[in-house]
Amino acid sequence: MRRLFPVTDQTVPTPSGGSPLGARDDGSDAGQDREWSLDELADAYAYPEPGPGEPRPWLRANMVSTLDGAAQHEGRSQAISTAADMRIFGTLRGLADVVVVGAETVRLEGYRPARARAEFARRREAAGQGPAPAVAVVTAGLDLDFSLPLFTSPLVPTLILTGAAAVPDKVAVAERAGARVVIAGDGTGVEPDRAVRALADLGHTRLLTEGGPRLLGQFVAAGVLDELCLTVAPMLTAGDAQRIAGGPSLAVPQRFALASLLEEEGFLFGRYRRP
Ligand SMILES: NC(=O)c1ccc[n+]([C@@H]2O[C@H](COP(=O)([O-])OP(=O)(O)OC[C@H]3O[C@@H](n4cnc5c(N)ncnc54)[C@H](OP(=O)(O)O)[C@@H]3O)[C@@H](O)[C@H]2O)c1
């Protein structure tokens, strides 16, 4: 892993391959190609410090795409990911209060509860966070297997984000299984801005969404996405796979600013923020 952007005097090694010129005071060598510890990744992906007064929620998405824009291969994202991508995936979870995910991704990817990882324990405690992020499943139909560990044995109760018109019997099944049902819409569906507010009302301000594309497209369209952590896999797949964000297109493309870019084995790990 090495940092390509922002460009610092550490980004490009000296031609001799020795130590970079002008080593930073902290002695870091972020421009050198070596495996980063989870602690270094956590520093690189830290959520912005909350401003004075009421901390405002920050919604970041973490997605992976091939060069030709595929967000999945044969219905899963594993084939287009890599070990470094999974380390960043784990780091982003380690920093988050809650992981927001669409029900189809939960069904297709066989979601399990988030783990408490020793590597993030101290950092989470200092940030006033529990041992692991909650998982919040966005669903209108609540057609989920509530006997799965995601619902029956998470460290932190799994949330179901749904609309006020969700079928009461299904809501009751979810609650009996141990899930906490949170209403964030007037119909059966969830309204993206209400989902963000409802999570903030529960004290969750460091929000991470892992998609899928149909859910992410709605966060983008509603203008509530603050940051996109995008892995670009050096792969081509062709075909008709979904892109990372679906649904109707925006009237005007929304511009994001590159905040950082890391690289490992040709995979690019970008971090883009809403300006
Ligand atoms: N490349 C990546 O980084 C990445 C990340 C995640 C997923 N994926 C891939 O993406 C695919 C799945 O993604 P997807 O886009 O098809 O589905 P998705 O966004 O994960 O889930 C769609 C489902 O979420 C629920 N939902 C979405 N918006 C809602 C709203 N406003 N209100 C209430 N419920 C809502 C609905 O669930 P109900 O049907 O239960 O009502 C809907 O069917 C999989 O192949 C997965 O591997 C890729």
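Below, a colleague asks a modeller how some descriptions of this predicted model are reached.

Colleague: How do you know which parts of the predicted chain to trust, and what does pLDDT say?
Modeller: The protein chain averages a pLDDT of 93, and 92% of the residues score at least 70. Residues 16–26 stay under 50. Where pLDDT is low, the predicted coordinates should not be read in detail. For residues 16–26 the model has 11 contacts beyond four places in sequence.

Colleague: What makes S1 and S6 edge strands?
Modeller: Start with the order in the open sheet of 10 strands, which is S1-S9-S10-S8-S2-S7-S3-S4-S5-S6. Strand S1 (2–5) and strand S6 (180–183) each pair on one side only, and two strands count as paired if there are at least two bridges between them, so S1 and S6 are called edge strands. From one strand to the next, the twist averages 25°.

Colleague: How do you know that S3 and S7 are paired?
Modeller: Pairing needs at least two bridges. Strand S3 (residues 98–102) and strand S7 (residues 206–209) have three bridges, so they pass, and their sense is parallel. Val 100, for instance, has Thr 209 in S7 as its bridge partner. Strands of a sheet pair through backbone hydrogen bonds, either parallel or antiparallel.

Colleague: Which residues come nearest to the ligand?
Modeller: There are 30 residues around the ligand, and Gly 102, Glu 104, Thr 105, Gly 211 and Gly 212 come nearest. Strand S2 (58–66), helix H3 (103–109) and helix H8 (213–221) are the elements that give two or more residues to this shell. H3 gives the most, with five residues.

Colleague: What makes up the shell around the ligand, by class?
Modeller: The shell has 11 nonpolar, 13 polar and six charged residues. Gly is counted as polar here, so Gly 102, Gly 211 and Gly 212 belong with the polar residues.

Colleague: Why is the bond between Gly 211 and Gly 212 called cis?
Modeller: Omega is near 0° for the peptide bond from Gly 211 to Gly 212. Gly 212 sits in the loop between S7 and H8. Phe 5 and Pro 6 are also joined by a cis peptide bond, with omega about 0°. Pro 6 lies in the loop between S1 and helix H1 (38–44).

Colleague: What makes Leu 142 worth a remark?
Modeller: Most residues other than glycine have a negative phi, and most peptide bonds are trans. Phi of Leu 142 is near 55°, a positive value. Leu 142 belongs to the loop between strand S4 (134–138) and helix H5 (149–152).

Notes. Residues numbered from 1 in each chain as written. Predicted model: local features only at pLDDT ≥ 70, side-chain atom pairs only at ≥ 80, totals over all residues. Near = placed C-beta within 6 Å. Helix = DSSP H or I, 4+ residues; strand = E, 2+ residues; numbered from the N terminus. Axes fitted to C-alpha atoms, helices over the stretch in contact; angles between N-to-C directions. pLDDT = per-residue confidence, 0-100. Contact = placed C-beta atoms within 7 Å.
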